[in-house]
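Reader: I have the sequence and the model open side by side. Please walk me through the fold, one question at a time.

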Amino acid sequence: ELYNLREIEADIKVHGVIGNPIGHSKSPHLYNAAFKSVGFNGIYLPLLVDSVANYISAYSSPDFAGYSYTIPHKEDGLKCCDEVDPIAKEIGAISCMIRRPGDGKLEGYNVDYLGAIAAIEEALRASNGAPASVSPLTGKLFVVMGAGGAGKALAYGAHKKGARVVVANRTYGKAKALAGKVGGQAIPLAKLKDFHPEEGMILANTTSVGMKPRIEDTPLAKEALKHYALVFDAIYTPKLTTLLREAQEAGSTIVYGTEMFINQAFVQFERFTGLPAPKQLIRDVLARNA
Ligand code: ATR
């Protein structure tokens, strides 16, 4: 049901997701259905790849218009780009690659952070009715727990939207290094429970604390959560983490990790096609293939 080869025309724009393993990926279902629904002449293939460098040099013909990158190739993918977006360079990983029309150069981007940031912005707008013209994150105190790949992505994203960033990490040195890059403040994770310079802050968890199977764990004590207007957790197994459940009980707006994936799919679709994403269709396809 994924590909109807009779529909393929000579000028079709070929896309694919590069990863290993790749059989489990929902992306081919999602993009093929979405391309079709907006009348975009494109196809999207699962690509099981061992070496990104070999793949790009041997198999990537100019017919390929764009790629998504998934585990474990996000870092290697970056090394195979002709040009890399500055944020992707800072993060050290790409999530998609686009062949520039004209000279055919491969441009690398990291849109993972845009997915999380877009989901947080949408939830804030829904809860306080802020106008669409300005980011509801502007001027907000935005606390990122964790300083790994996802932590970097969230910190850069929040900084780009004009938030004041605080990085809280178990290893303080890593918090300091990241905070320095985004003009923010660093704090050891263990001290975050006593940090509340103001009310209505935003909290994003990018540590693995609370992930299945240790679902009772939480990176921040419940008492501290009342100071946050919104709490996002990048963990999506389980969907409702202890952190999110306790944040909800404390009255915060919560944003699930699954929203990060859905929103980055919207962003990537728009990069690939130049067209607005069919959001409801994408949500339906993901729900059907869950
Ligand atoms: P990702 O790419 O998902 O961000 P990562 O780069 O491995 O993953 O980063 C994992 C993050 O979770 C780090 O910030 C790590 O803290 P350290 O820098 O101190 O290692 C954090 N983390 C993992 N296990 C943790 C734990 N038990 N308590 C607190 N933080 C933890």
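**The open sheet**

Reader: Happy to start here: in what order do the 6 strands of the open sheet come?

Author: The pairing in this sheet is parallel. Helices (H or I, at least four residues) and strands (E, at least two) are DSSP runs numbered from the N terminus, and two strands pair if DSSP finds at least two bridges between them. The 6 strands line up in the order β9-β8-β7-β10-β11-β12.

Reader: Which strands are at the edges?

Author: An edge strand here pairs on one side only. That description fits β9 (185-188) and β12 (253-255).

Reader: By how much are neighbouring strands of this sheet turned against each other on average?

Author: Axes are lines fitted to C-alpha atoms, for helices over the stretch in contact, and angles run from 0 to 180 degrees between N-to-C directions. For the average between neighbours in this sheet, direction is ignored, and the turn comes to 20°.

Reader: Before we go on, what kind of model is this, and how are residues numbered?

Author: This is a predicted model, in which local features need pLDDT of at least 70 and side-chain atom pairs count only at pLDDT 80 or more, while totals for chains, interfaces and linings use all residues. Along each chain, as its sequence is written, residues are numbered from 1.

Reader: Which residue of β8 stands opposite L141?

Author: Strand β7 (residues 141-145) runs parallel to β8 (residues 164-169), and 5 bridges join the two. Within β8, the residue facing L141 is R164.

**Helices around the sheet**

Reader: At what angle does helix α7 run to β8?

Author: Helix α7 covers residues 172-181 and lies across both β8 and β9. Its angle to β8 is about 160°.

Reader: Which strands help to cover the buried residues of α8?

Author: In α8 (residues 242-249), T242, L243, L244 and A247 are buried; a residue is buried if 20 or more other C-beta atoms lie within 10 Å of its own, exposed if 12 or fewer, and partly exposed in between, with C-beta atoms placed from the backbone. An α-helix has 3.6 residues a turn, so residues three or four places apart point the same way. Contact means that the C-beta atoms of two residues, placed from the backbone, lie within 7 Å. The cover of the buried α8 residues includes β10 (201-205), β11 (228-233) and β12.

Reader: What phi does the residue G251 take?

Author: Most residues other than glycine have a negative phi. G251 comes just after α8, and its phi is positive, at about 95°.

**The β1 region**

Reader: How many residues of strand β1 are buried?

Author: Strand β1 spans residues 13-19 and is largely enclosed by the rest of the structure. This is because, of its 7 residues, the number buried is 5.

Reader: Which residue of β2 does V17 face, standing opposite?

Author: β1 pairs in the parallel sense with β2 (residues 42-48) over 7 bridges. Together with helix α1 (residues 27-37), these strands make a right-handed β-α-β unit; right-handed means that, with the strands pointing away from the viewer, the path from the first strand over the helix to the second runs clockwise. Opposite V17 stands P46.

Reader: And which residue of β3 stands opposite H15?

Author: β1 also runs parallel to strand β3 (residues 64-69), joined by 5 bridges. There, the residue opposite H15 is G66.

**Cis peptides and a buried loop residue**

Reader: Where is P238 found?

Author: Most peptide bonds are trans. The bond joining T237 and P238 is cis, with omega about 5°, and the bond from N20 to P21 is cis too, with omega near 5°. P21 is in the loop between β1 and α1. P238 is in the loop between β11 and α8.

Reader: Which residues does C80 touch, leaving out those up to four places away in sequence?

Author: C80 is in the loop between α3 (74-79) and β4 (83-84). C80 is buried, because 23 other C-beta atoms lie within 10 Å. Its contacts are V52, A53, I56 and L106.

**The whole chain**

Reader: What share of the 290 residues of the protein is buried?

Author: The protein holds 10 helices and 12 strands. Its C-alpha atoms fill a box of roughly 60 × 40 × 35 Å along the principal axes. The buried share of its 290 residues is 46%.
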